[in-house]
Amino acid sequence: MFLEDLFLLGVRVVKDQEVKILSNIQVSERYWHMVVDASGLASDVEPGQFFYIDCGQENESFLRRPFSVYRINQDDQTLEFLYLTKGLGTQALTKLKQGETVRSFGPLGQGFSLQEDAQKILLLARGVGIATLAALAQEASKKGVQCAAILSARSHNDLLAAEMLQGFGAEVHKVTEEDGTSDVENVRDIIEDITARHNIDAAYTCGSRRLSRLLQDITSKKDIPAEIALEEHMGCAMGVCYACVCDVVEDDEIRTVRVCLEGPVFPLQKVMMQP
Amino acid sequence: MSTLEQKSANQGCHLRVNIGGLELKNPIMPASGAFGESMEKVLDFNHLGAVLPKSITKYPRKGNDTPRVCEVPAGMINSIGIQSKGLQYYLKNIVPYYQQYDTPLIASISADSVEEFVEMADILGNNPGVDALELNISCPNLKGDGLAFGMDADVTYELTKKVRGITDVPLFNKLTPNVTRIQDIALASEEGGADALTVVNTFLAMSINVHTWKPELGNVMGGISGPGVKPIIVRMIYQVYQASKLPIIGCGGVMNGEDAIEMMLAGASAVQVGTASFIKPAAMLDVLEEIKSYMQQYGINDIYDIIGKVHFNQYEEG
Ligand SMILES: Cc1cc2nc3c(=O)[nH]c(=O)nc-3n(C[C@H](O)[C@H](O)[C@H](O)COP(=O)(O)OP(=O)(O)OC[C@H]3O[C@@H](n4cnc5c(N)ncnc54)[C@H](O)[C@@H]3O)c2cc1C
Ligand SMILES: Cc1cc2nc3c(=O)[nH]c(=O)nc-3n(C[C@H](O)[C@H](O)[C@H](O)COP(=O)(O)O)c2cc1C
């Protein structure tokens with residue numbers, strides 16, 4: 001089956017609704033964390049899926065902003081987002097307060113696949129990419145799947161989710177520019193070391209083209225199934241405008257597919273990584 | 001709301017409009033490029049006046065480099081480049097898909113030459129699943145510095161006349177705003193045999209990131225849409241309404257019911273909604289509801305009592 005046929009399988013209602021903000025706080029110099037009430041959502045949320053959020057500054061930021069779910073808490077029916085403050089949209093989002101509502105459309109897109117019989121997975125995240133992979137680590141932990149994670153960031157300050165991952169029992173490796181450890185070759189060594197010690201059933205990455213190319217190289221040589229969550233500038237987020245596209249190779253043919261609908265999670269081997 | 005409830009809710013006000021021979025149950029339809037099958041998850045297409053999928057090209061097209069959209073104050077610039085799966089796919093999948101809805105299908109055509117327009121109009125216009133054609137003679141994204149058929153009155157006349165010659169379905173020309181006198185293109189369309197005019201497509205635009213010194217779009221230039229362009233569109237609808245007898249479909253920057261009413265006062269018989277659906281996925285249904293409340297508020301029974309009815313009392317002489 002081609003990626004483009006995927007959405008036909010999942011026909012269901014996707015709601016655009018006001019959700020209540022339970023908290024929205026700064027967690028480090030550049031990162032914020034928001035918790036919302038998810039009790040009114042129409043469907044279950046999967047790790048890797050995202051919401052298209054109205055950050056609230058109608059005059060300044062016009063389009064919505066996509067954010068993947070950071071944590072999915074079924075017991076208390078809440079969703080968490082971790083976001084990096086960047087421009088108008090994310091800055092406006094920081095202004096929203098507990099008790100207010102935020103308009104969010106979702107869950108959207110295809111999430112990660114975690115095979116039932118997986119025993120150990122590898123996560124490779126750069127920067128805010130961990131916001132997307134964290135929900136997968138959470139699910140893995142619930143299913144008793146072990147997790148090794150490499151977190152790459154500019155500074156220690158940006159290595160937010162490390163403790164949470166350790167809480168899930170993950171083996172966490174941190175590399176930063178601050179320590180001079182984040183170069184591709186060092187990351188390659190760490191991955192080689194992990195794969196030498198463990199049988200890795202699947203690998204996942206988000207946040208860096210450089211690291212994704214590295215993982216593409218290693219996993220194809222070792223024949224490890226791998227997935228990537230991509231980011232691209234979006235228009236509609238529901239597959240009609242063809243703004244957020246990427247090239248994939250299927251059947252020796254290059255196809256241009258939509259990140260919002262056929263993605264944001266794609267099989268890593270299929271994605272043509274731009275330099 | 002179910003279709004039945006919708007019908008009874010409509011009884012108070014008459015929303016039916018006739019666009020060059022095409023009967024619509026209400027004047028709200030999507031703008032090409034801002035609508036597609038996957039929107040079935042967010043709204044019931046039976047509630048729309050018409051469905052209008054993205055412009056189709058004869059052969060599959062890859063589209064432009066990313067980023068394909070960028071945000072600007074009160075709008076966005078896009079350079080999708082008509083990514084398309086080609087006419088064969090459209091005939092096999094898109095046209096049959098829309099048959100499940102009780103809503104007319106307007107097929108938007110983009111082509112590289114007059115001959116290709118004629119060939120595609122022949123195939124689509126004579127397909128029973130297609131209720132009308134919208135000729136996208138205006139897309140500014142295509143190669144050639146954004147030059148389009150609709151920038152030249154003679155080319156517009158020739159193109160329209162040839163297409164008119166091979167099909168009887170209602171023919172809508174989607175004009176481009178990137179011209180000196182839009183009335184000339186409107187008249188050329190009318191003389192060529194078009195049944196209605198869509199006013200208008202996007203304005204050629206560009207945005208540069210001052211931090212990186214790079215253009216925001218992969219394709220450098222694109223078309224601007226959204227609320228910021230609406231006053232210019234209202235002006236163009238008004239000018240075209242004065243110049244041509246053809247019904248007008250207003251398009252550009254409609255975000256709510258009052259925007260649609262404003263375009264209708266200027267002379268539009270129907271209104272397309274594009275960018276608003278990106279901000280609010282079900283925007284078209286909201287616009288429709290807001291039109292109904294507006295009519296109720298002002299005691300207007302028939303939508304035709306609004307169309308072209310802008311007043312000029314203060315300027316009237318005798
Ligand atoms: C599927 C998906 C999931 C994401 N999940 C997260 C997340 O969990 N946490 C997080 O911090 N960020 C996430 N991002 C990135 C986030 O959407 C952007 O950082 C955000 O849109 C920037 O908006 P801004 O107004 O602050 O920045 P600006 O740079 O001012 O934005 C200008 C425009 O560019 C777009 N844009 C800028 N950067 C990106 C980007 N990386 N991806 C897509 N569009 C962009 C914006 O949407 C906006 O339209 C995700 C992106 C995608 C596509
Ligand atoms: C992402 C995007 C894609 C578009 N694609 C097409 C297209 O394929 N054909 C066309 O005639 N117009 C296309 N348009 C133009 C719209 O149909 C419409 O004319 C324009 O966006 C103005 O309306 P709006 O402000 O309501 O969006 C596109 C617009 C956008 C934003």
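Colleague: Which element gives the most to the shell around ligand 1?

Modeller: β4(A) does, with four residues. Keep in mind that this is a predicted model. A shell is read by listing the residues with a heavy atom within 4 Å of the ligand. Here 20 residues surround ligand 1. The closest are P66(A), K86(A), G89(A), T90(A) and E231(A).

Colleague: Which elements of chain A each supply at least two residues of that shell?

Modeller: They are β4 (65–68), β6 (78–84) and α2 (88–93). By type, the shell divides into 11 nonpolar, five polar and four charged residues.

Colleague: How do I read the polar contacts? Which backbone atoms lie opposite the nitrogen atoms of ligand 1?

Modeller: Look for pairs of N or O atoms within 3.5 Å. A polar backbone atom of L82(A) is 2.8 Å from a nitrogen atom of ligand 1. For S68(A), a polar backbone atom is 3.0 Å from a nitrogen of the ligand. P66(A) also takes part: a polar backbone atom there is 2.6 Å from a ligand oxygen. The protein buries 87% of the 830 Å² that ligand 1 exposes when taken alone.

Colleague: Now the other ligand. Where does ligand 2 lie?

Modeller: Between chains A and B. Its shell holds 22 residues, and S32(B), S55(B), K174(B), G253(B) and T275(B) are the closest. Seven are nonpolar, 13 polar and two charged.

Colleague: Which atoms of chain B meet the oxygen atoms of ligand 2?

Modeller: Check backbone and side chain separately. S32(B) offers a polar backbone atom, 2.7 Å from a ligand oxygen. K174(B) uses its side chain: an N or O atom there is also 2.7 Å from an oxygen of ligand 2. G226(B) has a backbone N or O atom 2.9 Å from a ligand oxygen. On its own, ligand 2 has 610 Å² of accessible area, and the protein covers 98% of it.

Colleague: What is the space taken by ligand 2?

Modeller: A cavity is space where a probe fits but cannot get out. The space of ligand 2 is the largest cavity. An unreviewed UniProt entry lists a "binding site" that includes S32(B), K54(B) and N136(B). The lining of the largest cavity takes in these residues, S32(B), K54(B) and N136(B) among them. S32(B) sits in the loop between β3 (28–30) and β4 (69–72) of chain B.

Colleague: Which residues of chain A does the "binding site" annotation cover?

Modeller: C236(A), C241(A), C244(A) and C260(A), according to an unreviewed UniProt entry. They are spread over 25 residues of sequence but cluster in space, with a largest C-alpha distance of 10.1 Å. C241(A) is included in the lining of the largest cavity. C236(A) lies in the loop between β12 (226–229) and β13 (245–250) of chain A.

Methods
Residues numbered from 1 in each chain as written. Chains lettered and ligands numbered in written order. Predicted model: local features only at pLDDT ≥ 70, side-chain atom pairs only at ≥ 80, totals over all residues. Heavy atoms only, no water. Polar contact = N/O pair within 3.5 Å; in protein donor to acceptor, adjacent residues only side chain to side chain. Areas by Shrake-Rupley, 256 points an atom, 1.4 Å probe, with all protein chains shown as cover. 1 Å grid on protein atoms, 1.4 Å probe; cavity = no way out; pocket = protein on both sides within 12 Å on 5 of 7 lines; lining within 4 Å. Sits in = over half its atoms within 2 Å of the grid points. Nonpolar A, V, L, I, M, F, W, Y, C, P; charged D, E, K, R; others polar. UniProt positions renumbered as here; feature names shortened; annotations may be inferred.
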